[in-house]
Amino acid sequence: TLVMAWRGVINSVAQGLYADPYPTTAGDRLLLATQMEPTHARRMLPCWDEPAFRARFGLSVDLPAGLAAYSNMPIVKSEALAGGLWRTVFATTPKMPTYLLALVAGDLERIAGAVDGTPIGIVTTAGKQGSATYALEASKRLLHYYNDYFGTRYPLPKLDHIAMAGGFEGAMENWGAIVYNETALLVDPKSSPEKSRQRSFRVMAHEMAHQWFGNLVTMAWWDNLWLNEGFAQWMGTKATDRFNPQWHVWRWANEGTEWAMALDARKTTHPIQQPVTSESEASDAFDRITYQKGSAFLRMLETYLGEVPFRAGIRAYMARHQYSNTTSADLWAALSSASGKPVARIASEWTTQPGFPMIEVDARCDAGRRHITLRQEQFRLDTDEPSSERLWSVPIQIGVAGVRDGDFTLLQSRTATLVKGSCDDVLLVDPGNVGYYRVHYALRLFDALAEQLPKLPDGARFKLVADTSALFKANRVSLGGYFSLLLHLGAEPRLALWQQVLGDLTLFDRLSAEHPSRALVHRFAVRLIAPRFEQLGWDERVGESVEDRQLRAELAQALSYHDDATVINEGRTRFARFVADPSSLQPSRIASVVHIVGRHADQATYDSLKRLAERAVATEDKFRYYRALGDALDPALAAQTLQLARASEVPQIIRNEIVADVAESGHLDAAWAYAREQVDALLADMTLYAGNRYFGDVLETSASTAHADELEAFVTARLPGGALVNARRTGDEIRTRAKLKVRMLPELEAALSGR
């Protein structure tokens, strides 16, 4: 037995044990909380702070009377101490890694429920219990679902979800005591839009999946982080879709997959399973490849193996390895045994080598039968040269337009030819958009699909548009061909597909800044968007779908971004009414109207938004108004917003985002200059390795090779060596975009003239 006594530091940022200030109507308050992942437990207590070392923890805490504390396990004893303190003693945990240890203490309240014999609580700061009901009911549904799916019941004696009002971002899956920023958990039944419910359910589904995949069974080392995060991302999406099919959450997931593919198509990408040799590398491993590519690969694999064999493999894996540590190989063995398919080979190629394939598709007819030729090569955005050194085992689903599903073939060679179907049907590859690959059709096949675009399944429409966009950026198809495809959108109903298109229009707008073609981009964007927005109108309608309400807001913002005067003026009118009477604006419209007036603000509007931000008590409201300030087009207002990056009254999460927000809104040079001038103060206000990405985020939208060079030189001179990896990734992205700009501008003018 080794006994130690020690003193630790209460940090001002979310690492180890930290203080988390937050506002209330009665003045500022303070929480104490912990954030241990990936390597911060060592900042609170002496320990072997690595995931393979599991231990039991017995925790007690002494607090002033009237305050409450929560940890991984239930309270077993509370006793009065001298001086008005109370000691809270928690039950001993099962064996678990240090990064899952949790403690939150302060002026807290809890609402409770139970499912399958497990007590569940939603913990909030005082006075916010009315916003906890939705999360409590969602947690009950999810816990019951996961108990069944994993075939192993939730193993701890209670599960708490704890809402933090201040500087903690996102959520953390501490075993039995999951911590969230309150914007990711709480839903005000009167003022929160449907988007808040969606985020709450989705984030809870992700973090609760971790209670099994990550907590009960833990990766042996951070090189297998994707086993935690990729699986939880996939499982959380699956569970959210199970209970909320009207949200079309797999389309959201496809949007995340697109982000991952954009990174994964460059030379600076990395495999899903990557070496980790330092704290800095462990922190940097939490990225799009780990989460989105890991999730997308699992979805593709589950679809290929079949839902029932896949779940049988997961149940066997969970039963065999509970309370222990694993590697990817253990999961592949369980899935292979359950499905009888070569999972190990397939998975190895997808998880240990970077990048992904492009599948070239051609076909010919012979005696009424279609002969389909498939060819794979690595897809790259940062070079026009063919890349053929890597191969993947690719599960490819082949169908036809008008039919929901197709049959799988496993492409394991460079090329393959198969005979399938009649030449009378329109060929469609990956109809459900579950494949982590691009599809490049021969021109006549593509033209036939483009004509059928509105009739294709949701996933197929998204994939055709997203792949065509990526193929243009890779110089494989013309910009004119992409714009022609977009004109087939018409009354497209899916929000995720519009978000894909709006993202491209924003990119074209940025690349054409200070070029004559920018006016053409705005004209085309308004022509494309306005008819759909006019169908929806400004106001909600009885019986309309959640997606229509959200799409209305997205399209209004997009029209204002492309300088549609009618939308901008209406947004200003509605904001003025909202300031006078907050009930005049429907919850689904508040964010879009605030964004519109924030982007086109004058000084008076800016000051009004700033007052709203300063007075807001709800974290959701405070974040919304401060972010609107970062949208301002006016350079003088942007300069004022940059100063908020060091303002103590602004929530820390927002302070850490403000400079990048100002850069993204069109003031990149000013934001970059501010970031370099204030580097020491900015770094002092963030967690240890957050700086690895911070300065790259400021320049992320640039298309200037000079900015890429400046970023890498700056990071080399001012940050630890581990930060250079991320700087080079951002630099590669910037240089790729700069090449696209040179190629695109002449093509843009030609493609849009007359449209």
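Modeller: A pocket is an open set of grid points with protein on both sides within 12 Å along at least five of seven lines, and in this predicted model the second largest pocket holds about 1000 Å³ of space.

Biologist: Which residues lie nearest the centre of the second largest pocket, and what makes them lining residues?

Modeller: Of the 30 residues that line the second largest pocket, Trp-6, Met-44, Leu-45, Pro-46 and Leu-59 lie nearest its centre. A lining residue has an atom within 4 Å of a point, so each of these five meets that condition. Strands S3 (54–55), S4 (60–64) and S9 (103–106) each supply at least two residues of the lining, and S4 gives the most, with 3 residues. By class, the lining has 23 nonpolar, 4 polar and 3 charged residues.

Biologist: Why is the space lined by Leu-428, Val-429 and Tyr-441, among others, called a cavity?

Modeller: In a cavity a 1.4 Å probe fits but cannot get out, which means that the space beside these residues is closed to that probe. The search of the whole structure finds 3 cavities of 30 Å³ or more, and about 60 Å³ of space lies in the largest. Strand S22 (427–429), strand S23 (438–441) and helix H11 (458–473) are the elements that give two or more residues to its lining, with the largest share, 4 residues, coming from H11.

Biologist: What makes Lys-463 and Asp-467 count as charged in the lining of the largest cavity?

Modeller: Asp, Glu, Lys and Arg count as charged, so Lys-463 and Asp-467 in this lining fall in that class. The full tally for the largest cavity is 7 nonpolar, no polar and 2 charged residues.

Biologist: How does the lining of the second largest cavity divide by class?

Modeller: The lining of the second largest cavity, which holds about 40 Å³ of space, has 4 nonpolar, 3 polar and 2 charged residues. Gln-198, His-248 and Gln-550 are among the lining residues, and they count as polar because neither Gln nor His is listed as nonpolar or charged. Helices H4 (249–264), H13 (495–511) and H15 (546–561) each supply at least two residues.

Biologist: How do you know that Tyr-441 is buried?

Modeller: Tyr-441 is among the residues with the most contacts inside the largest nonpolar core, which has 237 residues. A nonpolar core is made of buried residues, and buried means under 20% relative accessible area, so Tyr-441 must fall below that value. Leaving aside residues up to four places away in sequence, Tyr-441 touches Val-361, Leu-427, Leu-428, Val-429, Phe-446, Leu-449 and Leu-464. A second, separate core of 7 residues includes Leu-63, Ala-69, Phe-90 and Leu-103.

Key. Residues numbered from 1 in each chain as written. Predicted model: local features only at pLDDT ≥ 70, side-chain atom pairs only at ≥ 80, totals over all residues. Heavy atoms only, no water. 1 Å grid on protein atoms, 1.4 Å probe; cavity = no way out; pocket = protein on both sides within 12 Å on 5 of 7 lines; lining within 4 Å. Points joined across faces, edges and corners; volume = space filled by probe spheres on them. Core = buried A, V, L, I, M, F, W, Y, C linked by side-chain atoms within 4.5 Å. Buried < 20%, exposed > 50% of the residue type's maximum accessible area, 1.4 Å probe, protein only. Contact = heavy atoms within 4.5 Å.
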